Amino acid sequence: MAQMTTTPPIADAPASPSGPARVNKPRRGRRSIAASIGLHTTMIVASLIAIGPIAWVLLSSFKPGYAVQSSELTLVKDPTLANYEYVLFDTNFPIWFLNSVLVAALTMLFGIFFSATTGYALSRFNFPGRRSLMMVFLVTQMFPVAILIVPIYTIMANLGLINTLPSLVIAYLTIAVPFCAWMLKGYFDSIPNSLDEAASLDGCGPFRTFWTVILPLARPAIAVTGFYTFLTAWGEVAYASAFIQDDKKFTLAYGMRQFVPQFNPQWEYLTAAAILVTIPAGIVFLFAQKHLVSGLTAGGTKG
């Protein structure tokens with residue numbers, strides 16, 4: 001009987017640790033070097049364009065008048081603090097500053113209260129005219145300020161509030177409250193109704209539930225509301241120019257116009273005043289900035 005011979009099996013090639021060999025393909029979403037250079041160049045140019053005017057105002061505030069109006073481009077020529085001294089001690093700037101702080105603070109406080117209570121009512125309660133009220137808030141945002149000045153001025157004149165700071169607070173609330181109420185309604189919609197029901201079982205009424213349970217959870221949206229209402233009153237000039245007639249009752253935005261008369265603009269004083277005006281707004285932003293993104297995004301989750 002013929003002896004059968006068997007060939008040894010061919011040993012399998014060791015598998016690579018990473019599995020079967022794959023063709024190297026570029027990762028999805030990975031940018032090429034040229035695209036990255038173009039993107040970063042665009043961002044740098046955009047940043048310079050945004051920062052450029054601010055840097056010009058800051059540098060010009062330390063220059064004398066002739067250097068600001070000179071056609072020669074220089075960073076700081078003959079630096080001086082005389083511009084700030086003139087603005088702070090030889091004009092009514094401190095009075096305008098106090099007027100603006102008072103108007104902006106009252107607008108912020110009343111704006112937060114009215115917007116929060118209105119947004120909570122629209123979010124939690126069904127009452128006659130609810131949809132109509134929401135539509136009114138939406139429609140009021142479509143009108144420019146120039147159209148609203150005349151009817152609001154007529155109302156203020158009939159109430160005897162022309163040339164008073166309360167007239168500005170009321171006017172600014174008409175701008176800020178509708179938008180903020182819509183935003184806060186969206187934020188309150190994102191808070192579960194079960195919290196209201198649990199508070200009701202514990203004996204809390206609607207206002208106590210709102211004040212002790214819901215409002216602490218809405219701090220990000222409240223921060224956004226406060227920041228928006230403050231800026232609305234801090235930099236507005238149209239209503240201030242229409243309602244205020246006494247120099248000592250001017251706000252900053254309107255008072256600063258005196259530095260740029262028609263035939264002799266004083267840019268060195270205007271730039272110094274502009275830098276001083278940005279300081280309070282920057283402080284408010286520092287306190288509110290950690291809540292701004294979360295408040296805006298959460299407020300847009302539900303309508």
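Buried here means a relative accessible area under 20%. By that cut-off, aspartate 189 and lysine 185 are both buried in this predicted model.

**Figure 1. The chain as a whole is built from 13 helices and zero strands.** From the N terminus on, the order of elements is α-α-α-α-α-α-α-α-α-α-α-α-α. The chain has 303 residues, and 35% of them count as buried. Among contacts with a separation of 6 or more, 73% join residues 24 or more positions apart. The accessible surface comes to about 19,200 Å², with 68% of this area belonging to carbon and sulfur atoms.

**Figure 2. Close-up of the salt bridge between aspartate 189 and lysine 185.** The N to O distance between the two side chains is 2.7 Å. Both residues lie in helix α7, four residues apart, or about one turn of the helix. An α-helix has 3.6 residues a turn, so residues three or four places apart point the same way. Side chains of opposite charge can pair when their charged atoms come close. Aspartate 189 is buried, as is lysine 185.

**Figure 3. Close-up of the salt bridge between aspartate 196 and arginine 124.** The whole structure holds two salt bridges, and the side chains of this pair meet at 3.1 Å, N to O. The pair links distant parts of the chain, since aspartate 196 belongs to helix α8 (residues 193-201) and arginine 124 to helix α4 (residues 93-124), 72 residues apart. Aspartate 196 and arginine 124 are both buried.

**Figure 4. Helix α6 (residues 145-159) bends at proline 151.** The helix has 15 residues and reaches 20 Å from its first C-alpha to its last, close to the 21 Å expected at 1.5 Å a residue. The bend at proline 151 is about 25°. Ile149, Ile152 and Met156 are buried in α6. The cover over the buried residues of α6 includes α7 (165-189) and α11 (238-243). After α6 comes glycine 160, which has a positive phi, near 70°.

**Figure 5. Close-up of isoleucine 149 in helix α6.** Isoleucine 149 has a relative accessible area of 19% and therefore counts as buried. Leaving out residues up to four places away in sequence, isoleucine 149 touches Ala238, Tyr239, Ala242 and Phe243. From C-alpha to C-alpha, isoleucine 149 and phenylalanine 243 are 9.2 Å apart in space, while 94 residues separate them in sequence.

**Figure 6. The nonpolar surface patch that includes isoleucine 147.** Met135, Leu138, Val139, Met142, Phe143 and Ile147 make a patch of about 570 Å². Helix α5 (residues 130-140) contributes the largest share of the patch, three residues. Isoleucine 147 belongs to helix α6. Its relative accessible area is 48%, so isoleucine 147 counts as partly exposed.

**Figure 7. Asparagine 163 in the loop between α6 and α7.** Asparagine 163 is not a glycine, yet has a positive phi of about 65°. The relative accessible area of asparagine 163 is 18%, so this loop residue is buried.

**Figure 8. Close-up of serine 167 in helix α7.** Serine 167 has 0% relative accessibility and so counts as buried. Apart from neighbours within four places in sequence, serine 167 is in contact with Met156, Leu161 and Phe243. One of these residues, Met156, is itself buried in α6.

**Figure 9. Threonine 91 in the loop between α3 (82-89) and α4.** With a relative accessible area of 18%, threonine 91 is buried. Not counting residues up to four places away in sequence, threonine 91 touches Tyr86 and Phe259. Threonine 91 and glutamine 258 are 167 residues apart along the chain, and their C-alpha atoms are separated by 9.9 Å.

Conventions:
Residues are numbered from 1 along each chain as its sequence is written. This is a predicted model: local features need pLDDT of at least 70, side-chain atom pairs count only at pLDDT 80 or more; totals for chains, interfaces and linings use all residues. Side-chain values use heavy atoms; hydrogens and water are left out. Helices (H or I, at least four residues) and strands (E, at least two) are DSSP runs, numbered from the N terminus. The expected span of a helix is 1.5 Å times one less than its number of residues. The bend at a residue is the angle between axes fitted to the seven residues ending there and the seven starting there. Buried means under 20% relative accessible area, exposed over 50%, partly exposed in between (1.4 Å probe, protein chains only). Contact means heavy atoms within 4.5 Å. Patches are made of residues with over 30% relative accessible area and no salt bridge: like charges are joined within 9 Å, nonpolar side chains (Val, Leu, Ile, Met, Phe, Trp, Tyr) within 5 Å. Accessible areas come from the Shrake-Rupley method with a 1.4 Å probe; for residues, only the protein chains shown count as cover. A salt bridge is a side-chain nitrogen of Lys or Arg within 4 Å of a carboxyl oxygen of Asp or Glu.
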